[in-house]
Structure formats: C-alpha cells, structure tokens
Amino acid sequence: MASLADAGGDTELPPFSASAIFSHFHLVSLVAVGLLVSAALYLYGVQRLRQRGDHWPAGRIVAFVGGGLGSIALVSVTGIEAYDTTLISVHMVQHMVLTMIGPIFLALGAPTTLALRVMHGRPRRALLAVVHSRYVKVLTFPLVAFGLFIANPFILYFTGLYRQTLEHAWLHEFVHLHFMVTGCLFFWPLLGLDPLQNRWPYPGRALLMVLSVPFHTVLGLTIMQMPELLGGDWYPNLHLSWLDPHSDQITAGGILWAGGEVVSVTMLGILVMQWIRQSEREARRIDRALDRAELEEAAAAAAEAGSAAGAAAGPSAGASTGPSAAKITSSANPTRPDPDAG
C-alpha cells in the first residue's frame with residue numbers, strides 16, 4: 001500500500017481514528033520483514049538455550065518481542081504509518097515510540113547477551129569484537145549518546161530536513177532507522193542488561209535521564225508556540241477538509257512534551273528498581289563472603305586449638321607413663337620371701 005500522503009489532494013482520506021490503525025496495514029515492507037526476522041532469531045536463541053537446559057527469563061522475551069518489536073510494528077506497519085506524513089501529531093507518536101519506547105524494551109530484552117550465550121567459536125568471537133570495538137565504545141559512551149539523542153529532533157524540525165523527509169520516502173525511512181539506532185545507543189548503556197564497556201554507576205545514569213527531560217519540554221513547547229508550520233505548506237496542500245494543520249501541530253508539540261516527561265519518569269523508575277536489585281544482590285554477595293570468611297576463621301581456630309591441645313598432651317602423657325611403668329615393672333617382679341626362712 002502506498003503512503004496516503006502520496007495522494008496529496010485526496011479529499012476522501014478519512015479522519016484518523018483508532019479504527020484506522022487496524023484497518024490499514026503495510027505488511028509487505030522491509031520494516032515488516034526485519035521485525036519478523038528479529039523476532040524469529042530471538043525466539044530461536046531462547047529455544048536453543050532451553051533445549052540444553054539453560055534458563056532465560058520470560059520477562060526478557062516479553063520485553064524484546066512484545067514491548068520492543070511490537071511497539072515498533074504498531075507504528076510502522078499499521079495505520080499509524082499510513083498517516084505519518086498526513087498528520088504531524090501521528091508522526092510525533094511514531095517519533096516517540098521509535099526513539100524512546102521501542103529502544104527501552106529492546107534494551108531490557110538483552111539480545112546481545114542471548115546471542116553470546118547461544119553462539120560458539122568464530123561467530124561469538126566476532127560479536128565480542130564488535131561489542132568491545134573502539135567504534136562501539138565511543139558511540140555508547142553516555143555523553144556522546146546523550147548528545148546524539150538530544151540533537152536529533154532539533155536538527156530534524158528546525159532545518160529543512162523535515163520537509164525533505166515528507167517529500168522523499170527513502171529519506172523518511174532512513175530517519176526512522178536513525179531515530180531507532182540513536183535511541184538504542186542512549187538507552188542501552190542506561191537500562192540495558194547486555195555487557196557494555198561504558199556502563200556508568202546508577203547515580204550517573206539517573207542524572208543523565210533527568211537532564212534529558214528539559215530538552216523534550218523545550219522542544220514540545222517551542223513546536224506548540226511556532227506560528228509557522230513544520231514542513232511549510234505540505235500539510236495545507238493536502239486539502240483535507242477535516243484537518244487543521246495549526247491545531248494538529250499544537251497537539252504534536254503537546255505529545256512530545258507530555259510523552260517525553262512520562263517516558264523519562266518511567267525510565268527513572270526502572271533505573272531505581274534496577275539500582276535496588278543490584279544493591280540487594282551486592283548485599284547478598286557480601287553476606288555470603290562474610291559467612292565464608294567466618295567459617296574459615298572458625299575452622300582455622302578449631303584446627304589451631306586442636307594442635308595446641310595435642311602439643312600440651314604429649315609431655316604430660318610421657319611423664320605419667322614413666323612412674324607407672326616403673327611401678328608396674330616393680331610390682332611385676334616382687335621379691336618373694338624364702339619359704340625355708342625362719
């Protein structure tokens with residue numbers, strides 16, 4: 001199905017509604033194929049683990065397949081995708097999901113850890129080489145990923161790039177992919193469970209997440225108050241009788257503002273939960289180490305006491321043996337009186 005925006009001037013385009021989401025599907029696309037392949041590979045890896053008796057948490061499966069891939073599919077192969085160049089408010093929902101919601105759930109699914117546990121030999125070494133490469137180390141450094149994450153929307157909406165994405169489908173899809181990648185780069189070191197070189201302590205992660213909130217607020221409020229339309233005359237030229245581009249842009253800015261804060265607060269809650277769990281695990285580890293140390297000290301003390309007791313008992317036993325032995329010897333050979341003596 002071609003994008004509905006390609007039919008600019010089509011006055012029969014119905015108003016966007018919940019039913020439109022589930023009545024327009026774009027299943028024959030590279031995005032749909034990529035999502036299906038990703039889900040199949042992840043589930044195959046889980047099955048391989050279970051076949052050899054290893055455990056993989058069900059929560060990670062739900063996060064990756066349902067929350068991550070599912071949310072991306074919702075905005076890329078349904079009616080949301082069909083309207084994303086027709087309504088900027090719909091585009092903004094798509095933007096939020098591709099940049100924040102999808103990457104968060106993908107990170108919680110720990111796909112790299114799953115791949116490392118399934119792979120062997122050269123493929124595993126190759127994946128480790130990529131994960132530990134200098135290029136990945138730079139891109140996943142929290143401040144670098146934070147800069148990319150914050151700069152992306154400002155560059156998109158306040159330059160001529162956004163209009164170009166409306167006019168060129170390939171650029172439109174590339175920006176979607178770019179948003180997903182930068183979202184993953186930002187959230188993976190903060191929330192992800194996969195092994196990364198640049199993982200900050202939890203206080204630093206929480207601070208970085210808090211710092212991202214004002215940028216979404218500023219961007220959303222700026223879009224709401226802009227007198228000019230994003231995309232120039234693109235939306236008015238669609239000639240949709242039910243569409244007020246200015247009102248729709250205000251709605252889009254509100255979605256970005258409120259959505260950014262809701263997601264950020266939710267993320268902060270997830271970080272706090274992970275922090276608490278890590279503290280509990282660390283406390284249990286320290287308790288086990290202390291228990292082992294106490295047992296080792298008790299065993300060493302018992303062994304030392306046994307050695308000391310054995311050393312003290314040695315001379316005493318020898319001293320008591322001498323007289324007794326002499327006594328026994330003397331009594332064993334008594335001087336018998338001569339029976340013929342008077």
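This is a short talk about the largest pocket in this structure and about how two of its helices pack.

Okay, one thing before we start: what we have here is a predicted model.

Let's begin with the pocket. The largest one comes out at about 1200 Å³. It has 40 lining residues, and the ones closest to the centre are Phe64, Pro111, Thr112, Cys184 and Trp188.

So who builds the wall? Seen by helix, at least two lining residues come from each of H2 (30-51), H3 (58-76), H5 (88-108), H6 (111-118), H7 (121-131), H8 (134-139) and H11 (169-191). Which helix gives the most to that lining? That's H2, with 9 residues.

If you're wondering about chemistry, the lining of this pocket counts 29 nonpolar residues, with 8 polar and 3 charged.

Now on to H3 and H5, since both turn up in that lining. Their axes sit 7 Å apart, and the packing angle is about 165 degrees. Anything over 145 counts as roughly antiparallel, so that's what we call H3 and H5. And the hand of their crossing? Left-handed.

For those of you following along on the screen, here's who touches whom. On the H3 side you'll find Arg60, Ala63, Phe64, Gly67, Gly68, Leu69, Ser71, Ile72 and Val75. Facing them from H5 are Gln94, Val97, Leu98, Ile101, Gly102, Phe105, Leu106 and Leu108. Sorted by class, that contact has 11 nonpolar, 5 polar and 1 charged residues.

One residue to click on before we finish is Phe64: it's in the H3 contact with H5, and it's also among the residues closest to the pocket centre.

That's it from me.

Conventions
Residues are numbered from 1 along each chain as its sequence is written. This is a predicted model: local features need pLDDT of at least 70, side-chain atom pairs count only at pLDDT 80 or more; totals for chains, interfaces and linings use all residues. Side-chain values use heavy atoms; hydrogens and water are left out. On a 1 Å grid over the protein atoms alone, a cavity is a set of points where a 1.4 Å probe fits but cannot get out, and a pocket is an open set with protein on both sides within 12 Å along at least five of seven lines; lining residues have an atom within 4 Å of a point. Grid points are joined across faces, edges and corners, and a volume is the space filled by probe spheres set on the points. Helices (H or I, at least four residues) and strands (E, at least two) are DSSP runs, numbered from the N terminus. Ala, Val, Leu, Ile, Met, Phe, Trp, Tyr, Cys and Pro count as nonpolar, Asp, Glu, Lys and Arg as charged, and the others, Gly among them, as polar. Axes are lines fitted to C-alpha atoms, for helices over the stretch in contact, and angles run from 0 to 180 degrees between N-to-C directions. Angles under 35 degrees count as roughly parallel, over 145 as roughly antiparallel, 65 to 115 as roughly perpendicular and the rest as oblique. A crossing is left-handed if the near helix is turned anticlockwise from the far one by less than a right angle, and right-handed if clockwise. Contact means heavy atoms within 4.5 Å.
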